[in-house]
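Subject: Structure handover and notes

Dear colleague,

I am passing on the structure we spoke about, together with my notes on it. Please look through the coordinates alongside the text below.

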Amino acid sequence: MRAMYYEQFGAAPEIRTLPDPTPTNSGVVVSVKATGLCRSDWHGWMGHDPDIKLPHVPGHELAGTISAVGRDVRRFKLGDRVTVPFVSGCGHCMECRSGNQQVCEEQFQPGFTHWGSFAEYVAIEYADQNLVHLPDEISYETAASLGCRFATSFRAVVDQGRLQGGEWLAVHGCGGVGLSAIMIGAALGANVVAIDIAEDKLALARELGATVAIDSRSVADVSEAVREVTGGGAHVSVDALGHPQTCCNSILNLRRRGRHVQVGLMLADHATPAIPMARVIAHELEIYGSHGMQSWRYDAMLRMILSGKLSPDRLIGRRITLTDAAPALATMDSFRENGITIIDRMI
Ligand SMILES: [Zn+2]
Ligand SMILES: [Zn+2]
C-alpha cells in the first residue's frame, strides 16, 4: 500500500510502499477513502506524543470501506461503509464497560498507538466495539471531517458542557474544533460568542451561527468583553485552541457556576498552564476535559447531520492528495489552514 511514513520525529515525512495490513481476529482492515489532516498529526510528528513508536504512519480521522474482516467480528462485513472514533476502546476494561470508551485504559488510536490512515489501508482493532456504520447520505469526506474535531466538539458541548438552549456559549479559537463547537451550540439553540484574532475566521463563525464575534486583539480584556456581551458571563466556555491564555480567558469569562471545557491540546511547554483557581472555588466553576467521543454517541450526532441541523461539510477547506499531505503536515505550524483539510485521493 502507499502510505505516509517517517522514521524520525521532525524529519520530512515521505510517501512509501509498505506491506498491506491484515486484520486481527477482532479487527478489520479499512480501505481509506478520505482522511483528515489535523494538528494532532503535527504534534505527533514533532514527537510530542509518547504513544507514538517509530517508524510511524500517521492519520486518525478516517472513513472508508471494510476490505478484510477478522474471524471474531460479528457486526461488520466486507464492503461496509464505516468511520471510527480516534480514541477507540478495548471493550473489556471498566471504562469501556461503563460506556466511556473515550477514556479506555487500553486505547487503540489509529495514527498514534498504531499505524494510521494516511495510507491506502488501515487496520482497526476492536471493530465491533468501535466502528460506526455510515449512512449512505453521508459522504466519506464528511465522515472523515467528523473524525476528531467535530465529534470531540460534540461531546465537549453536549455531554461535558451540558449546554442548553438559551444559554450563552463562548468559543475561544475558530479553527476546526472551534467552528464545530459554534455550529453545534447554535443548533442546540444557545447564543454563541466566537473569539479569534483572524477576521476571516470570525466572519465564518458568524455564518455558522455565532451571535457575537470578538476580535481578541481589539479588546483590552477578552474575558471582560465576553462577560459584558453575555450579561454576566458565559454558561459554558470552550478553549478550542489550547493555549494558556485562551484557557485562562475561557475560565475567567464564565458566569457563576459556569462550565469550562478544555478541548484544545496543551502539550510540550503548555502542558501545565496557570489556572485562576481562586475564581474556580469562589464561583463554583466546573472544569472539564474532553477527548474524543464514544462510538455509541455518534448516533445522536449523525441524526442531527441527517436532519440538516448540523452541516460538518461546511467546515471542509482544502481537499488534497496523499502526496500533497506530506509537505502539508510538515509545514502545518507555519501555514494557516482555513477549515478542515481532507486527503481524498491516495495518489
Ligand atoms: Zn477499554
Ligand atoms: Zn484530529
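What follows is a description of the metal sites, the cysteines, the aromatic contacts and two of the helices.

Please keep in mind throughout that this is a predicted model.

Metal sites

The zinc ion (ligand 2) is coordinated by C38 through SG, H60 through NE2, E61 through OE and C148 through SG, at 2.0 to 2.3 Å. The arrangement counts as tetrahedral because the 4 donor atoms subtend angles of 91 to 120° around the zinc ion (ligand 2). Along the sequence, the donor residues of this ion follow the spacing C-x21-H-E-x86-C. Within that set, C38 and E61 link distant parts of the chain, C38 being in the loop between β3 (28–37) and α1 (39–46) and E61 in strand β4 (residues 61–69), 23 residues apart. As for accessibility, E61 is buried at 0% relative accessibility, C38 is buried with a relative accessible area of 4%, and C148 is buried with a relative accessible area of 7%.

The zinc ion (ligand 1) has four cysteines as its protein donors, namely C90, C93, C96 and C104, each through SG, and they lie 2.3 to 2.4 Å from the ion. This site is also tetrahedral, with angles of 101 to 117° among the 4 donor atoms, and its donor residues are spaced C-x2-C-x2-C-x7-C in sequence. Of these donors, C90 is buried with a relative accessible area of 3%, and C96 is buried with a relative accessible area of 6%.

Cysteines and disulfides

How many disulfides does a search of the whole structure find? The search returns 0. For C247, the reason can be read from the distances: the closest cysteine sulfur, in C248, is 6.9 Å away from the sulfur of C247, and the two are therefore too far apart for a bond, given that a disulfide requires the sulfur atoms to be within 2.5 Å. C247 counts as buried, at 3% relative accessibility.

Helices α8 and α11

C247 also belongs to the buried set of helix α8 (residues 244–252), in which T246, C247, N249, S250, I251 and L252 are buried. What do the buried residues of α8 pack against? Their partners are the strands β8 (168–172), β11 (234–239), β12 (254–262) and β13 (286–289), along with the helices α7 (222–229) and α9 (277–282).

In helix α11 (residues 322–330), the buried residues are L322, A325, A326, A328 and L329. These residues pack against β1, β2, β3, α1, β14 (316–321) and β15 (340–345). A general point may help when you look at either helix: an α-helix has 3.6 residues a turn, so residues three or four places apart point the same way.

Aromatic contacts

A search of the whole structure finds 2 aromatic pairs. One of them is formed by Y5 and W115, which meet edge-to-face, with 6.3 Å from centre to centre and 85° between the planes. This pair links distant parts of the chain, since Y5 is in strand β1 (residues 2–5) whereas W115 is in the loop between α2 (94–97) and β6 (121–124), 110 residues apart. Y5 is buried, with a relative accessible area of 7%, while W115 is partly exposed, with a relative accessible area of 34%. The other pair, Y6 and F9, is tilted, with 6.4 Å between the centres and 55° between the planes. Here Y6 is buried at 2% relative accessibility, and F9 is partly exposed at 33%.

Two arginines lie over aromatic faces: R39 over the face of W42, at 4.9 Å from the ring centre, and R81 over the face of Y140, at 4.5 Å from the ring centre.

Around A11

Y6 appears again among the contacts of A11, which touches Y6 and W45 when residues up to four places away in sequence are not counted. A11 lies in the loop between β1 and β2 (14–17) and is partly exposed, with a relative accessible area of 32%. The C-alpha atoms of A11 and R314 are separated by 33 Å, the two residues being 303 residues apart along the chain.

With best regards

Conventions:
Residues numbered from 1 in each chain as written. Chains lettered and ligands numbered in written order. Predicted model: local features only at pLDDT ≥ 70, side-chain atom pairs only at ≥ 80, totals over all residues. Heavy atoms only, no water. Donors = N, O, S within 2.8 Å, 3.2 Å for Na, K, Ca; no water. Tetrahedral: all angles 85-135°; square planar, octahedral: opposite > 155°, others 65-115°. Buried < 20%, exposed > 50% of the residue type's maximum accessible area, 1.4 Å probe, protein only. Phe/Tyr/Trp six-rings, centres within 6.5 Å; stacked < 30°, edge-to-face > 60°. Helix = DSSP H or I, 4+ residues; strand = E, 2+ residues; numbered from the N terminus. Lys NZ or Arg CZ within 6 Å of the ring centre and 35° of its normal. Contact = heavy atoms within 4.5 Å.
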